[in-house]
Amino acid sequence: MTSMISSQDARDTDTGDLLVWILAWSELVAFGALLTAFVVASVLHPEAFAAGKARLDHTLPIANTIVLLASGWLAAKAAEQKAVTRRRLLLLAAALGGAVFGGLKCLEYAFEGASLLSGDPFSQLYLLITGFHLTHVAFGSMILVLVAVFPTRENVHLITTLWHVIDIVWLVMFPVIYLL
């Protein structure tokens, strides 16, 4: 009887950790493959990548790094809250950070303009990787808002973990794309 109760308790307290880790690792693998392609292509086409990186302004990506990290911090604080109202407000603030990130990234694309559409290997991979990340930020922001409506501990745990994965991806992408 005791073993049945403990196994039932284990099922009742499952917070979806397996789903979190499957999603997190699949994201890391996908972005890892894209960044590996970027590095390999930069070795194969050093002139195109040097010229492409020279065109990029670093101001907006640095601002975006700060915005995304602040948003991740707000999401982490939301996960710590016992009061549902505070949890909701912090999740919405984190989602707003994602929206600001998206706005800054679109502004960066606008400033870079036609140079990003040149068709060279750098521009193609730059747009693919940063655009793929931007869609993750946009989708994650929408999920943060949805979870703010239904802020159970499990929901908050799931989205904040995935939001941190999005942060980690950006922290790896930034130096590879803009600095190396």
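Contact means heavy atoms within 4.5 Å, and helices are DSSP runs of H or I with at least four residues, numbered from the N terminus. The model is predicted: local features need pLDDT of at least 70, side-chain atom pairs count only at pLDDT 80 or more, and totals for chains, interfaces and linings use all residues. Residues are numbered from 1 along each chain as its sequence is written, and side-chain values use heavy atoms, with hydrogens and water left out.

**View 1. The two sides of helix α3 (residues 46-55).** F49, G52 and K53 are buried (under 20% relative accessible area, 1.4 Å probe, protein chains only). These residues lie on the same side of α3 because they cover an arc of only 95 degrees around the axis, the arc being that of the directions from the helix axis to the C-beta atoms. E47 and A54, on the other side of α3, are exposed (over 50%). The cover over the buried residues of α3 includes α2 (17-44), α6 and α7.

**View 2. Helix α6 (residues 121-149) beside helix α7 (residues 153-179).** Their axes, lines fitted to C-alpha atoms over the stretch in contact, come within 10 Å and cross at roughly 160 degrees. Angles run from 0 to 180 degrees between N-to-C directions. The crossing makes α6 roughly antiparallel (over 145 degrees) to α7. Residues in the contact include F122 and Y126 of α6 and W163 and W170 of α7.

**View 3. F132 in helix α6.** F132 is partly exposed (between the 20% and 50% limits), with a relative accessible area of 31%. Leaving aside neighbours within four places in sequence, F132 is in contact with A30, F31, L34 and L127.

Notes:
Parallel < 35°, antiparallel > 145°, perpendicular 65-115°, else oblique.
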